[in-house]
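Dear colleague,

I am passing on the model we spoke about, and I would be glad if you could look through it with the notes underneath. Please open the coordinates alongside the text.

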Amino acid sequence: MTTARPSAWRDLKARLLSALVLVIVAGTAIGLGGWFYKALVLAAMVGMAAEAGVLFGLASRSWRGSLYMLWAAGAWLAAATGRWEAIPAFCISALVFGAPLCLIMCIIVLAGNALLWLRPEGVLPVLFVICVVVASDSCAYLTGRMIGGPKLAPRISPGKTWSGSVGGLVGALACGTLIATYAGQGGVATAALWGAVLGIVAQAGDLAESGMKRALGVKDSGTLLPGHGGLLDRFDGLVFAAPVAAVLSLCVPTGAPFWVAGWHAVFAALAGHLPG
């Protein structure tokens, strides 16, 4: 007599296998750096733009859908070649596709270019962001499945629980601490703080994407990643966390990892950019 596996775990194998492929591909590109890494970011940006276009009625093979993907590619090209000042133009001009797609394009552009911005400082800043987001997502998933309890936002994402959210926060904090300790560049305490902050931001991104899908009446943004859905489903936390890390990198001396930034450095950097 066979016993059916609990439905909560039925997609775990697919999630693990697709995650393994992602780790191998992304890890190789991140380690190699240069145009290998830039090509990975390009593929992610164009892929997410394609999914967003389809969600809002732009078929990938239509001229408007193709143009929307080229918009993301153009923003990538500007950043990849050091033309950072051109980035705002791609965000603002995306209004030609309508407000919802413009907002999504802004998120994709900021996230992709944030990842490009972080890589010249070395592998660890990029790994910090990615690993913290993965730790938050994985720990939230496992804790929520094992413990359950009250729902976090039942109207937006009925599967998410408060226990899962807390588990994700703890996982993000622990991951940030471990990476900073391994790096040996100091800032372990602030790394724990920013790990937790990035974990919270990643969870907010996850909820935002879930809310968008619920409003559109779809379960997943795509089918590219078995067990995860589409690229937007997999990277919903990363696209929100990466820009935060990039902003933090502006608050530390050149060559220092962003996680050593203290509150005073952040406030000083912000004050320095205020008019007057």
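Below are notes on the domains and on the helix packing.

Please keep in mind throughout that this is a predicted model. The domain assignment of the chain gives two parts, domain 1 covering residues 10-119 and domain 2 covering residues 122-275. Their centres, taken over C-alpha atoms, are separated by 18 Å. Across the boundary, 26 residues of domain 1 are in contact with 34 residues of domain 2, and the two domains bury about 2,500 Å² between them, with 76% of that area on carbon and sulfur atoms.

The rest of my notes concern helix H6, which spans residues 123-147, and its packing against H7, H8 and H10.

With helix H7 (residues 162-183), the axes come within 7 Å and cross at roughly 150 degrees; since angles over 145 degrees count as roughly antiparallel, H6 is therefore roughly antiparallel to H7. The crossing of these two helices is right-handed. On the H6 side the contact includes Leu124, Phe128, Cys131, Ala135, Cys139 and Ile147, while the residues they and their neighbours meet in H7 include Gly164, Gly167, Gly168, Gly171, Cys175, Gly176 and Tyr182. By class, the residues of this contact divide into 14 nonpolar and nine polar, with no charged residue among them.

With helix H8 (residues 188-216), H6 packs at an angle of about 60 degrees, the axes lying 9 Å apart, and the two helices are therefore oblique to each other. Here too the record of the crossing is right-handed, as H6 passes H8. Phe128, Val129, Val132, Val133, Ser136 and Asp137 of H6 meet a set of H8 residues that includes Ala191, Gly195, Leu198, Gly199 and Asp206. The contact of H6 with H8 divides into seven nonpolar, four polar and two charged residues.

Helix H10 (residues 238-249) packs against H6 at an angle of about 140 degrees, with the axes 10 Å apart, and H6 passes H10 in a right-handed crossing. In this contact Val129, Ile130 and Val133 of H6 meet Leu238, Ala241, Ala242 and Ala245 of H10, and its residues comprise seven nonpolar, no polar and no charged.

When you go through the model, you may wish to begin with Val129 and Val133, which belong to the H6 side of the contact with H8 and also to the H6 side of the contact with H10.

With best regards

Key: Residues are numbered from 1 along each chain as its sequence is written. This is a predicted model: local features need pLDDT of at least 70, side-chain atom pairs count only at pLDDT 80 or more; totals for chains, interfaces and linings use all residues. Side-chain values use heavy atoms; hydrogens and water are left out. Axes are lines fitted to C-alpha atoms, for helices over the stretch in contact, and angles run from 0 to 180 degrees between N-to-C directions. Helices (H or I, at least four residues) and strands (E, at least two) are DSSP runs, numbered from the N terminus. Angles under 35 degrees count as roughly parallel, over 145 as roughly antiparallel, 65 to 115 as roughly perpendicular and the rest as oblique. A crossing is left-handed if the near helix is turned anticlockwise from the far one by less than a right angle, and right-handed if clockwise. Contact means heavy atoms within 4.5 Å. Ala, Val, Leu, Ile, Met, Phe, Trp, Tyr, Cys and Pro count as nonpolar, Asp, Glu, Lys and Arg as charged, and the others, Gly among them, as polar. Domain bounds come from an automatic or database domain assignment. Buried area is the accessible area (1.4 Å probe) that two parts lose on being put together, summed over both.
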